[in-house]
Amino acid sequence: MPNLDDHRADPALVDSPLSLDQIRAGLAHHEAAHAVVAAALGVPCTRVRVMRVTRADRTGWTGATSYENSRVSAYNLALIAAAGEHGELHHLAAAGLLTRATARTARSEHDRDTAISAAGSLGFTIVLDGPAPADPDQGATWTEVSEEASDLVAGLWPAITAVAEALLATTDFALTGDEVSEIIAGHLH
């Protein structure tokens, strides 16, 4: 499976309208959504974390989820990537924090761009604008992927919340894949 966890070059915004705790909570839900949707699609994670990063003398927060090297379809890979943004948005809405400004902080263009590139390398086209290929086995629009990922996140919300809460409860904001699997075992059938 292509690596989707290297997006630290674009850390969470330092000038965010959210507090540090709110930023970390959003990122925890973002990463938990990646991990839980991946597990639901048969792709276990190996590690989930939220971390502080410094780029060009600015410090911010970001997250990363690593996966086992599993066979996954290009479409499911895109669903996993899209799930993070929807996990964060769902959390912001549930916490009463969703505004235009906070929604901008949840945008995950790095996940989208990585998914589009990885899908392309697997022979699957994901388009941002315009029609998808006529054969659904050959491609989709990002809107289609995003809408399905949003539905998956809503359906898996209890498991996503459980993983995010466990992640935030650790001193280093990190969980192993085994810890994640144990947390979600009761939520996925």
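These questions and answers walk through a predicted model, from one helix to its cores, pairs and single residues.

User: How many residues does helix 2 have, and what span does it reach from its first C-alpha to its last?
Analyst: Helix 2 covers residues 74-94, which makes 21 residues. At 1.5 Å a residue, the expected span is 30 Å, and the helix comes close to that. From first C-alpha to last, helix 2 reaches 30 Å.

User: On which residue is the kink in helix 2 centred?
Analyst: Helix 2 has a kink of about 30 degrees. The residue at the centre of that kink is also one that Val 153 touches. The kink is centred on Ala 83.

User: How many of the residues of helix 2 are buried?
Analyst: Buried means under 20% relative accessible area. By that cut-off helix 2 is mostly covered. The count is 15 of its 21 residues.

User: Which residue with a positive phi follows helix 2?
Analyst: Helix 2 ends at residue 94. The residue in question follows the helix and has a phi near 70 degrees. That residue is Gly 96.

User: Why does the pair of Tyr 75 and Phe 124 count as edge-to-face or stacked?
Analyst: The count comes to one aromatic pair. The ring centres of Tyr 75 and Phe 124 lie 6.2 Å apart, with planes at 70 degrees. Planes over 60 degrees apart count as edge-to-face. The pair is therefore edge-to-face.

User: How many residues apart in sequence are the parts tied together by Tyr 75 and Phe 124?
Analyst: Tyr 75 lies in helix 2. Phe 124 lies in the loop between helix 4 (109-121) and strand 3 (125-127). Both residues are buried. The pair ties together parts 49 residues apart.

User: Which helix supplies the largest share of the largest nonpolar core?
Analyst: This core holds 35 residues, and Val 36, Ile 80 and Val 153 are among those that touch the most other members. Elements supplying at least two residues each include strand 1 (45-55), strand 2 (58-67), helix 2 and helix 7 (177-184). The largest share is nine residues, and it comes from helix 1.

User: How many residues are in the second, separate core?
Analyst: Its members include Tyr 75, Leu 79, Ala 82 and Ala 149. Tyr 75 is also part of the edge-to-face pair with Phe 124. The second core has 14 residues.

User: Which residue meets Arg 24 in a salt bridge?
Analyst: The N to O distance is 2.7 Å. The two partners are three residues apart in helix 1, about one helical turn. Arg 24 is buried at 14% relative accessible area, whereas its partner counts as exposed at 54%. The partner is Asp 21.

User: What is the N to O distance in the salt bridge of Asp 113 and Arg 112?
Analyst: The count comes to two salt bridges. In this one, Asp 113 counts as partly exposed at 39% relative accessibility. Its side chain meets that of Arg 112 at 2.9 Å.

User: What is the phi of Phe 173?
Analyst: Phe 173 sits in the loop between helix 6 and strand 5 (174-176). Phe 173 is buried, with 17% relative accessible area. Its phi is positive although the residue is not glycine, and the value is near 50 degrees.

User: Which residues does Ala 162 contact, leaving aside neighbours within four places in sequence?
Analyst: Ala 162 is in helix 6 and is partly exposed at 21%. Its C-alpha is 6.8 Å from that of a residue 21 places along the chain. The contacts are Ile 183 and His 187.

User: Which residues are in contact with Ala 32, leaving aside neighbours within four places in sequence?
Analyst: Ala 32 is placed in helix 1. Its relative accessibility is 0%, which counts as buried. The contacts are Ile 160, Val 163 and Ala 164.

User: Which residues does Ser 108 touch, not counting those up to four places away in sequence?
Analyst: Ser 108 is in the loop between helix 3 (100-106) and helix 4. At 4% relative accessible area, Ser 108 is buried. The residues touched are His 30 and Glu 85.

Note on methods. Residues are numbered from 1 along each chain as its sequence is written. This is a predicted model: local features need pLDDT of at least 70, side-chain atom pairs count only at pLDDT 80 or more; totals for chains, interfaces and linings use all residues. Side-chain values use heavy atoms; hydrogens and water are left out. Helices (H or I, at least four residues) and strands (E, at least two) are DSSP runs, numbered from the N terminus. The expected span of a helix is 1.5 Å times one less than its number of residues. The bend at a residue is the angle between axes fitted to the seven residues ending there and the seven starting there. Buried means under 20% relative accessible area, exposed over 50%, partly exposed in between (1.4 Å probe, protein chains only). Rings of Phe, Tyr and Trp (its six-membered ring) pair if their centres lie within 6.5 Å; planes under 30 degrees apart count as stacked, over 60 as edge-to-face and the rest as tilted. A nonpolar core is a set of buried Ala, Val, Leu, Ile, Met, Phe, Trp, Tyr and Cys residues joined through side-chain atoms within 4.5 Å. Contact means heavy atoms within 4.5 Å. A salt bridge is a side-chain nitrogen of Lys or Arg within 4 Å of a carboxyl oxygen of Asp or Glu.
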